[in-house]
Each structure stands twice: as C-alpha cells, then as structure tokens.
Amino acid sequence: MQGEKHIDSGSRDTAEARLAPTGRISASRSRLPAIDKRSNLFGAAQEAEGLKHSNPPLALNYHGVARVSLRRDPRNLFVAPEDLQKHITKLRAWGYVFAAFGDLADQVSEGRGVNSVSLTFDDGLLDNLTTLLPLLRAENVPATVFAVPGWFGEPHPDAPWTRIMTADEVRKLAASGIEIGAHSMTHRDLSALSYEDAHGELLTSKRVLEELLQAPVSVAAYPYGYSSEETRRACRDAGFRFACAAKGLGAWTDPYALPRHGIGNGSTILSLRLKRNPRYHGLMDSRPLSLGRGAVRTWIRLMQRGG
Ligand SMILES: [Zn+2]
C-alpha cells in the first residue's frame, strides 16, 4: 500500500477492495465457509463464552507459489497454489481478516490487530506475479512481497529453475495493489554484519525500491529472519517503520522484530492451526496487545480445559 502508510481500521476493506476485480467482493464473501465449531479450538471458546472471533494477530511467511516436488525444493520455499487457497479459506473460517503487513503492524502498534492476518512472500519470485497475484485478486486478499533489488531478474539461488522478478515486474505487482517491502539489497544474513554494513544493505534496498515505485517503502523483512540488536537499530535508522523476523523469532512488542511463521512446501492445515495458537508463538508475553487479551486469555483457559 505504497503512499498510504497511515490507513486505519477501515483500511482493510479498502485494501481488499483495491485488489478485487469489479463485482467480485460480494461474490468472494458469499463463498465464505461456515465455521466448523467441532474442528477448531476457537469454535469451542466462542460457544462457551459467546465471544466473537478473537484470534491473535498472525503474520505468515511464504516464498514461492508453485507446485514443486520436495526434491526440487530442498529449502522448502514453495507452496502449491491450491494449498495457499486452502490456507486463505481456513483463515477466513477462523474469523481472520487479511491485511498487508504494514497495516497489520500499524494495528498492533495501536493495540489492535486481533483477528488480523498478513500473508507475506519473501524474495520476490516470478510466480508472485504470475500465480500469486491472480489468486489474491480472485480471493480479494491483500499481501506483502519483500523484494531483494540486488537479485532482480536473477535465478533464485535455492531454486535456480526459476527466477526473481525484474524491476519492471515488481513495479507491476505494486501497481496491482500488493505492498512491497525491502528484504535487504543482497540477501546477506544481516545479523552477521556490522551496524554500518547492515544499515547500508537496508537503506540501499529501501532507496532503490522507493525510486522504482515512486512511493515510500516502510516495511522490511530480515533475510533468513535473523537480526541482532544492531541490525534492528540499523533498520530503524534506515527509516523503516516496521520490520519482521521469521521462523517464530521476534515479538509483537518490538516493531523491528515482529514475528512471522514460515509456511513451506507441504505445510498442512494442522501446522497453520498450531501457528496461530498463542501458546505456540508466545503472544501472551506481548504487552501492547492489551486490547483483546482478555479474550485471548479466555481462549487459552478453554483450550487448557480441553474445550
Ligand atoms: Zn529471503
């Protein structure tokens, strides 16, 4: 959502509407499946306490969207389009509303973010334009792609049979309403670099992307999800508003280490369910999330009761 950094609660509809081809919003909403109260823990909480949906904020970390065998995908970077579709359906059934990562981070920083989920895609693989974008449009779902300008047009190092988008292709994706974030300039592990080098990687990627898109780039994702205290300081000093980790690292209390959970080749609905479980990602340590914490606590109590 370049150029619209400060959109607030009403923004999700705007963001979703922007992606929706004309006339598709009501169509996609009317397809929403009913919540199966027997099959998920939240359903039990809702029944017992009369709660409306109270899911903790959630950011998921994908890479490519293609049907690829594990043999060709040793780093577990790809999900099949039909699996991503299932994830979207399931998240909706659980009561989640989709937000671009910057919007989700804004919400969390304001003590909101309950029931918000963000789909993020690292590295800027070509299928993000050719396969992911049409899928998101059809589902009316916003998303964020974290791009690596130093890789534009190159084969992906861990999947050399495909390539990274070119600068033009990234611009096209942004023009279609996908939020573009920075994923460093050359995808080095920033936590292993000096403050100066990490700052250079982050600042240069921000500037190159902003020049390309003619719009502010306010969110970053650390390569491999790794950051040190110095990396996070470098990120803040480079002018980003928010940055995210991966692999369950980070916390919703730290705007420069917001947590994301990886979804890889073969990730199941069960793993998605575990990843939104507050006990799984330590949400309860999160102080700014006072709003909705009562509901989350109730949910946890019910889960512990075996509800
Ligand atoms: Zn990456």
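At what angle do α6 and α7 pack, and how far apart are their axes? In this predicted model, the two helices meet at an angle of about 20°, and their axes are 10 Å apart. Angles under 35 degrees count as roughly parallel, and α6 and α7 are therefore roughly parallel to each other. Their crossing is left-handed. If you would like to find the contact on screen, look for N128, L129 and L133 on the α6 side, which meet E169, K172 and L173 of α7. By class, the residues of this contact divide into three nonpolar, one polar and two charged.

Before going further into the helices, let us step back to the whole chain. The protein has 12 helices and 12 strands. It has 307 residues, of which 45% are buried. Looking at contacts between residues at least 6 apart in sequence, 69% of them join residues at least 24 apart.

Now back to α7, which spans residues 167-175 and has V170, L173 and A174 as its buried residues. Viewed down the helix axis, these residues fall within an arc of 100°, so they line one face of α7. L173 is a helpful residue to keep in view, for it is one of the buried residues of α7 and also takes part in the contact with α6. What do the buried residues of α7 pack against? Their partners are two helices, α6 (127-139) and α8, together with the strands β6 (144-147) and β9 (179-182). On the face turned away from the buried side, α7 carries the exposed residues D168 and A175. Just after the helix comes G177, with a positive phi of about 105°.

Helix α8 is our next stop, and it covers residues 195-213. One residue to pick out here is S205, which is placed in α8. Is S205 buried or exposed? With 26 other C-beta atoms within 10 Å, S205 is buried; the cut-off for that class is 20 or more. Leaving out neighbours within four places in sequence, S205 is in contact with P149, A182, S184 and M185. The C-alpha atoms of S205 and V148 are separated by 7.0 Å, although these residues are 57 residues apart along the chain.

From α8 we can move on to α9, which runs over residues 229-237. The axes of α8 and α9 lie 8 Å apart and the helices pack at an angle of about 45°. They are therefore oblique to each other, and their crossing is right-handed. In the contact, Y195, A198, H199 and L202 of α8 meet E230, T231, R233, A234, C235 and D237 of α9. Sorted by class, this contact has five nonpolar, two polar and three charged residues.

Which residues of α9 are buried? They are T231, R232, A234 and C235. These four cover an arc of only 160° around the axis, which puts them on the same side of α9. The elements that cover them include α8, β10 (219-221) and β11 (242-244). R236 also belongs to α9, but with 17 other C-beta atoms within 10 Å R236 is partly exposed. The C-alpha atom of R236 is separated by 9.0 Å from that of H199, and the two residues are 37 residues apart along the chain. After α9 comes G239, whose phi is positive, near 100°.

G177 and G239 are glycines with positive phi, so which residues other than glycine take a positive phi, and where do they sit? One is N76, which has a positive phi of about 65° although it is not a glycine. N76 is found in the loop between β2 (64-65) and β3 (78-79), and with 16 C-beta neighbours inside 10 Å it counts as partly exposed. Another is D123, a residue other than glycine with a positive phi near 90°. D123 has its place in strand β5 (residues 116-123), and with 24 other C-beta atoms within 10 Å D123 is buried.

Key. Residues are numbered from 1 along each chain as its sequence is written. This is a predicted model: local features need pLDDT of at least 70, side-chain atom pairs count only at pLDDT 80 or more; totals for chains, interfaces and linings use all residues. Axes are lines fitted to C-alpha atoms, for helices over the stretch in contact, and angles run from 0 to 180 degrees between N-to-C directions. Angles under 35 degrees count as roughly parallel, over 145 as roughly antiparallel, 65 to 115 as roughly perpendicular and the rest as oblique. A crossing is left-handed if the near helix is turned anticlockwise from the far one by less than a right angle, and right-handed if clockwise. Two residues are in contact if their C-beta atoms, placed from the backbone, lie within 7 Å. Ala, Val, Leu, Ile, Met, Phe, Trp, Tyr, Cys and Pro count as nonpolar, Asp, Glu, Lys and Arg as charged, and the others, Gly among them, as polar. A residue is buried if 20 or more other C-beta atoms lie within 10 Å of its own, exposed if 12 or fewer, and partly exposed in between; C-beta atoms are placed from the backbone. The arc is that of the directions from the helix axis to the C-beta atoms.
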